[in-house]
Amino acid sequence: MPEVLKAPLVVEFPFTRSLGPVQSAFLTGLRERVVLGVKTGDGQTLVPPVEYDPVTSEELGELVEVASTGTVSTWAWNHEPRRGQPLDTPFAWVLVRLDGADTALLHALDAPGPDAVRTGMRVRVRWAEERSGAITDIACFEPYDGGPAELTGSDGRFEDMVTGIVAPARLDYTYSPGRAQSRYIEALADRRAVGERCPSCRKVYVPPRGACPTCGVATLEQVEVGPRGTVTTYCIVNIKAKNLDIEVPYVYGHIALDGADLALHGRIGGIPYDQVRMGLRVEPVWSEGGRFPDHYRPTGEPDADYETYKELV
Amino acid sequence: MPAPRPQRDIAVVAFAQTDHLRTSDELSEVEMLMPVLHEVLDRTGLRTSDIGFTCSGSTDYLAGRAFSFTMALDGVGAWPPISESHVEMDGAWALYEAWTKLLTGEADTALVYAYGKSSPGSVRDVLTRQLDPYYVAPLWPDSIALAALQAQVLIDAGDTDEPALAAVAARSRASAAGNSHAQLRGSVPRGDYAVRPLRTGDCPPIGDGAAAVILAAGERARDLCKRPAWIRGIDHRIEAHGLGVRDLTDSPSARLAAERAGVFERPVDTAELHAPFSSQEVVLRKALRLDDSVDINPSGGPLAANPIMAAGLIRIGEAAARIHRGDSNRALAHATSGPCLQQNLVAVLEGDPR
Ligand SMILES: [Zn+2]
């Protein structure tokens with residue numbers, strides 16, 4: 001059994017989201033150090049505000065200001081802050097019912113230790129120095145000894161309303177391709193292509209994924225295929241991909257390696273793009289130190305007869 | 001309102017699961033899943049081509065790859081084309097979809113499977129991506145932190161305390177001693193605080209695993225299984241996403257689902273609860289009115305093995321397997337999704353009288 005292959009895989013996205021009128025007012029308010037809630041039909045004030053009543057699903061839109069002070073309704077001590085969380089020193093997660101609100105807001109509480117936190121304690125907002133109209137405009141809460149803070153008198157209308165947020169998301173993985181694909185990748189490093197044969201229908205899959213999709217059984221028997229193959233179909237790419245140093249137009253094709261019952265994909269080079277055709281015989285070209293074929297080029301053999309590859313199109 | 005009686009008798013006729021392990025990085029998802037699919041088919045003598053409908057549950061966020069479930073389809077023989085569907089949810093919800101498909105009469109058998117490989121990423125971070133993206137997700141509150149907030153509410157309300165939570169975990173892992181598939185079995189230390197008041201012992205293990213069940217309707221179920229586990233009712237409900245809107249000591253959605261599934265019409269003898277945290281069992285026991293006469297999580301439950309996306313389906317499978325074996329006559333199975341038991345599915349399974 002070869003060593004398990006592993007590689008870091010980072011998935012990172014800046015999600016751009018537009019806001020409706022209620023969220024827009026709330027987040028713009030935070031930028032201006034104002035906390036807004038929304039009134040429900042039965043007179044409750046929801047903070048953070050939502051656009052639809054969670055009980056009746058009635059549309060909501062009447063914004064009211066609440067205080068930037070409040071009471072902890074529950075808490076949990078986080079001694080090891082994780083990436084992206086509001087504070088990088090130990091803190092308490094808290095649900096805070098702000099003065100004037102009937103529901104609680106989730107955020108972080110900066111406190112010296114768990115003994116300094118309890119349900120029912122008074123807290124106030126600590127504003128972030130730089131504010132852009134996001135929940136993180138509240139840097140965190142901090143302990144506070146006093147009554148409700150004064151309201152600013154805001155009616156929820158501001159100059160230059162925030163209409164969207166960018167929510168960056170990053171997740172880190174360690175990718176392992178599994179048994180079948182590991183064997184394939186390791187063989188490629190030796191400039192060999194290996195497929196796997198289905199014990200039931202005898203088809204050879206390249207690259208192997210460990211299972212025959214027709215029979216639903218494991219493919220285990222390794223079969224050497226290629227290196228030459230036949231172009232079964234192709235397309236001409238006219239859009240330059242970011243971070244890819246290939247001049248357009250170029251040709252991307254399906255290539256049935258000799259001995260394989262499934263075509264794999266690859267770029268076709270060494271031939272003008274408008275001369276690539278179905279049936280063209282090709283072979284892999286490896287770049288210096290490359291762990292997989294850079295592209296496939298014509299072998300110079302006569303084209304394959306359609307009958308020989310029609311099942312693979 | 002009495003629960004409506006299903007139009008057709010539908011039963012779980014077979015169940016299989018992997019051993020649940022901290023990592024399975026030598027296997028791809030389909031390689032991990034395939035033995036389970038073969039085992040559940042072998043139990044009934046069916047072949048994939050005999051199955052009327054196939055439905056699966058998994059999530060791309062665990063794999064970090066878009067449309068990751070399509071790779072797993074190789075394991076069910078999806079060529080020539082089959083009738084197939086997928087839910088980006090726990091497999092319990094895939095089972096719900098399969099159950100409705102069988103109710104329509106369009107199929108007589110269904111294969112439901114679910115899998116999750118948590119080992120490539122960080123589950124605590126991955127699960128933050130299911131939260132409200134405007135007000136909550138930008139703060140990256142992880143799954144343990146949110147469960148800990150709920151645990152503190154319960155402690156403040158006098159519904160539990162830290163020793164009682166430790167007892168839930170200890171009982172679960174002791175029960176898991178009889179479950180060869182479980183990841184954590186026997187005596188497991190309470191551990192240090194993960195996020196106070198929850199200790200590592202109150203939290204589920206992180207692991208990789210898969211499960212599959214076969215459903216069949218009417219006489220077909222009797223042909224395939226000596227004692228089918230008839231689904232007498234199944235329902236799922238959701239509550240507000242805002243944590244500060246909800247009463248975290250209660251689970252009205254679980255109670256409503258249970259009521260609509262017919263749980264409260266007659267006592268159950270077994271309950272398989274998808275409560276990944278010890279504190280959530282406290283909430284569910286109260287919401288589902290389960291007293292000490294009910295055998296709770298005899299498999300060890302999710303505190304013993306919690307493969308994300310499969311753990312809820314496993315609750316249904318474990319409850320059904322007890323009926324198949326004759327250890328239960330009427331069992332409740334529960335699955336959850338979202339932070340602090342936001343979404344809940346409840347099924348009632350019964351065996352024929354003996
Ligand atoms: Zn085959």
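How many residue pairs are in polar contact across the interface of chain B and chain A? The rule finds 21 such pairs, with both residues at pLDDT 80 or more. The views below are taken from a predicted model.

**Figure 1. The interface between chain B and chain A.** The contact is made by 63 residues of chain A and 52 residues of chain B. Together the two chains bury about 4700 Å², and carbon and sulfur atoms account for 60% of this area. On the side of chain B, the residues that lose the most area to chain A are B:Tyr134, B:Tyr135 and B:Leu139, which together make up 18% of what that side buries.

**Figure 2. Charged and polar pairs, and the elements of chain B that touch chain A.** Between chain B and chain A the count is 4 salt bridges. One of them joins B:Asp125 to A:Arg82, with 3.3 Å between the closest N and O atoms. The polar contacts across this interface number 21 residue pairs. Several elements of chain B each supply at least two residues to the side that touches chain A, namely helix H1 (29-44), helix H2 (60-63), helix H5 (123-126), helix H6 (143-156) and strand S5 (193-195). Of these, H6(B) gives the most, with 7 residues.

**Figure 3. The zinc site of chain A.** Four cysteine sulfur atoms serve as the protein donors of the zinc ion: the SG atoms of A:Cys198, A:Cys201, A:Cys212 and A:Cys215, lying 2.3 Å from the ion. The angles among the 4 donor atoms are 108 to 112 degrees, and the site is tetrahedral. For comparison, the ideal angle for four tetrahedral donors is 109.5 degrees. Along the chain, the donors follow the spacing C-x2-C-x10-C-x2-C. Distant parts of the chain are linked here: A:Cys201 lies in the loop between strand S11 (193-197) and strand S12 (204-205) of chain A, whereas A:Cys212, 11 residues apart from A:Cys201, lies in the loop between S12 and strand S13 (221-225). A:Cys201 counts as partly exposed because its relative accessibility is 31%. A:Cys212 counts as buried because its relative accessibility is 0%.

**Figure 4. Two cis peptide bonds in chain A.** The peptide bond from A:Val47 to A:Pro48 is cis, with omega near 0 degrees. A:Pro48 belongs to the loop between strand S3 (45-46) and strand S4 (63-66) of chain A. A cis peptide bond also runs from A:Val248 to A:Pro249, where omega is near -10 degrees. The loop that holds A:Pro249 joins strand S14 (229-237) and strand S15 (250-257) of chain A.

**Figure 5. Two residues of chain B with positive phi.** B:Trp140 is not a glycine, yet has a positive phi of about 50 degrees. This residue is located in the loop between H5 and H6 of chain B. With a relative accessibility of 13%, B:Trp140 counts as buried. B:Asn297, likewise not a glycine, has a positive phi of about 45 degrees. The loop between strand S10 (295-296) and helix H11 (311-325) of chain B contains B:Asn297. Its relative accessibility is 2%, so B:Asn297 counts as buried.

**Figure 6. The surroundings of B:Ser24.** The loop between strand S1 (10-17) and H1 of chain B contains B:Ser24. B:Ser24 is buried, since its relative accessible area is 4%. When residues up to four places away in sequence are not counted, B:Ser24 touches B:Met32, B:Lys117, B:Ser119 and B:Asp208.

Notes: Residues are numbered from 1 along each chain as its sequence is written. Chains are lettered from A and ligands numbered from 1 in the order in which they are written. This is a predicted model: local features need pLDDT of at least 70, side-chain atom pairs count only at pLDDT 80 or more; totals for chains, interfaces and linings use all residues. Side-chain values use heavy atoms; hydrogens and water are left out. Donors are N, O and S atoms within 2.8 Å of the metal (3.2 Å for Na, K and Ca); water is not among the atoms, so sites may look incomplete. Four donors count as tetrahedral if all angles lie between 85 and 135 degrees; four count as square planar and six as octahedral if opposite donors are over 155 degrees apart and all others between 65 and 115; anything else is irregular. Helices (H or I, at least four residues) and strands (E, at least two) are DSSP runs, numbered from the N terminus. Buried means under 20% relative accessible area, exposed over 50%, partly exposed in between (1.4 Å probe, protein chains only). Contact means heavy atoms within 4.5 Å. Buried area is the accessible area (1.4 Å probe) that two parts lose on being put together, summed over both. A salt bridge is a side-chain nitrogen of Lys or Arg within 4 Å of a carboxyl oxygen of Asp or Glu. A polar contact is a pair of N or O atoms within 3.5 Å; within protein, one must be able to donate a hydrogen and the other to accept it, and residues adjacent in sequence count only if both atoms are side-chain atoms.
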